[in-house]
Amino acid sequence: QGMISTYSELIELDKKHFLHPTSPIKQQQEKGATFIFDKGEGIYLKDIHGNKVIDGLSSLWNVNIGHGREELGKAAMEQMARLGFSSCFATFSHEPAIRLAAKIAELTPEGLNTIFFTSGGSESNDTAFKLVRHYWKLQGKPEKKKIISRKRSYHGVAMGATSATGLKPFRDFTTSLAPDFYYVESTGAALRSFIESEGAETIAAFISEPIQGTGGVHLPPQNYFKEVREICDEYDILFIADEVITGFGRTGTYFGIEQFGVIPDLMSVAKGITSGYAPLGGVILSEKIHQDLIEKTEGLFMHGYTYSGHPVSCAVALKNIDIIERESLVENSRVMGEEMLKGFKWLQQEHSIVGEVRALGLMGAIEIVKNKQTAQRFDKPISPLIVEESMKYGLIHRGVIYEGADTLIFAPPLVISKEEIHKMINLLDKALTAVE
Ligand code: PLP
């Protein structure tokens, strides 16, 4: 009885006082929260009634090492007790931020050796946009300020990050965006022709997710990033890889861009850097950019967040990376990713509504179609129905319905085992059967 009254009380308070991020606001009012989570362990989340569900998207593609890691709690507690916060502005520093910066330089592709810390992915991308413009200004080219991104991209919700996001529904939330952002089709030819029509002397940078996540887990076309790298070099344009989802093992290599054999000039990171146990992000710069900043900046480097290099987040990140290494989670992501894709292919054989399936590491998608031969979609997307069914069977994942998509997306924690992959596929099989 007590439990029930507490529960309905929580539901009412939630409706009244808590405006949820990226949420179906009316449904939240009508139905209340679907889950009030209370605990996590490995790939599972438990709600306050004790219902256990598989966290098929690692919450927000971020809980890479899985839930319930006491070691991270201990690292946070020790750091808080020792030094909960001190500033890294100006010439102040502290050991967790220094150690983490050095550790990340070890993990990143060659030449990317310096990090500017933020609190998350959106702040990282906004920082990257300001940094590249600042960089070109220092080179005596202040007119190089346009940022090119890709259609179907997602880069976050800060003003710059929203403006860079190719997915229109995110931009349509606000009436006025930051100027000088453009979106191109995902081919080398489209990028080149855009640069030539705008003039390379007006373009600061190109930004891309190695694999588009929020847009529906889209792998790049063959050779795409090789072409991008060549074009950026040819026209003197900086290449920013948005590794917010793909960093820290998600795709089966430490960073997603490594899959495509090129090195960007900057990388945005967040999410998996702490597996979500504390907020943290960063922009990683090439040595060339860092050296130029040092040589050419007169006076102060005028950009910094209060929480740039938060000591507790940095201590948590260091322990998180320790675990990723100790448990070979990058390798596990690669191997289990193959297992997940095998499962998707089996579902494709079993279900008339499963169209194209794809995955790289533990980042995957299933297209829902009316007709497999023509890839024709249903008139109204049905992935939301499948997601709802899955939830009843104990599996959380997401449906993407933006811009004509009808796609199920998956990104389970990197600790997932073969048996757990099979379990996830079996639950999905039930959900698909119920909807078909
Ligand atoms: N960039 C990418 C590729 C993302 O997927 C996200 C979040 O999903 C972001 C940036 C924004 O990160 P945050 O939500 O931490 O601000």
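This passage describes how the strands and helices of a predicted model are arranged.

The strands β1, β2 and β3 are joined by antiparallel pairing. Strand β1, residues 37-41, is joined by four bridges to strand β2, residues 44-47, and the two run antiparallel; within this pairing, K39 has K46 of β2 as its bridge partner. The two strands form a hairpin with two residues between them, and G42, which lies in the turn, has a positive phi of about 60°. Strand β2 is also joined to strand β3, residues 52-55, by three bridges, again in the antiparallel sense, and here Y44 stands opposite I54 of β3. The hairpin of β2 and β3 has four residues between the strands, and in this hairpin G50 takes a positive phi near 90°.

An open sheet of seven strands follows the order β4-β10-β9-β8-β7-β5-β6, with mixed pairing. Strands β4 (112-118) and β6 (181-184) stand at its edges and have a single partner strand each, so that one side of each is left without a neighbour in the sheet. On average, and with direction ignored, neighbouring strands of this sheet are turned by 25° against each other. As a general point, the strands of a sheet pair through backbone hydrogen bonds, either parallel or antiparallel. The antiparallel sense is found between β4 and strand β10, residues 281-286, which pair over six bridges, and F117 has G282 of β10 as its bridge partner.

The parallel sense is found on both sides of strand β7. Strand β7, residues 203-208, is mostly covered, since six of its six residues are buried, where a residue counts as buried if 20 or more other C-beta atoms lie within 10 Å of its own. Strand β5, residues 146-150, pairs with β7 in the parallel sense over three bridges, and the bridge partner of I147 in β7 is A205. Strand β8, residues 238-242, runs parallel to β7 and is joined to it by four bridges, with F206 standing opposite F239 of β8. Together with helix α10, residues 224-235, strands β7 and β8 make a right-handed β-α-β unit. Helix α9, residues 188-198, lies across β5, β6 and β7 and runs at about 145° to β6, while α10 packs on the sheet, where it touches β7 and β8 and its direction makes about 145° with that of β8.

A further open sheet consists of four strands in the order β11-β12-β15-β14, with antiparallel pairing. Its edge strands are β11 (354-359) and β14 (398-400), each of which pairs on one side only. Within this sheet, strand β12, residues 364-368, and strand β15, residues 407-410, run antiparallel and are joined by four bridges; the bridge partner of E367 in β15 is T407. Helix α14, residues 383-393, packs on the sheet and touches β12, β14 and β15, and its direction makes about 180° with that of β14.

Finally, packing between two helices is considered. Helix α13, residues 329-350, and helix α15, residues 418-435, pack at an angle of about 25°, with their axes 10 Å apart. Because angles under 35 degrees count as roughly parallel, α13 and α15 are described as roughly parallel to each other. Their crossing is right-handed, and the residues making the contact include M336, W346 and L347 of α13 as well as I421, H422 and L428 of α15.

How values were computed: Residues numbered from 1 in each chain as written. Predicted model: local features only at pLDDT ≥ 70, side-chain atom pairs only at ≥ 80, totals over all residues. Pairing = 2+ DSSP bridges. Buried ≥ 20, exposed ≤ 12 C-beta atoms within 10 Å, placed from the backbone. Right-handed = clockwise from strand over helix to strand, strands pointing away. Axes fitted to C-alpha atoms, helices over the stretch in contact; angles between N-to-C directions. Parallel < 35°, antiparallel > 145°, perpendicular 65-115°, else oblique. Left-handed = near helix turned anticlockwise from the far one by under 90°. Contact = placed C-beta atoms within 7 Å.
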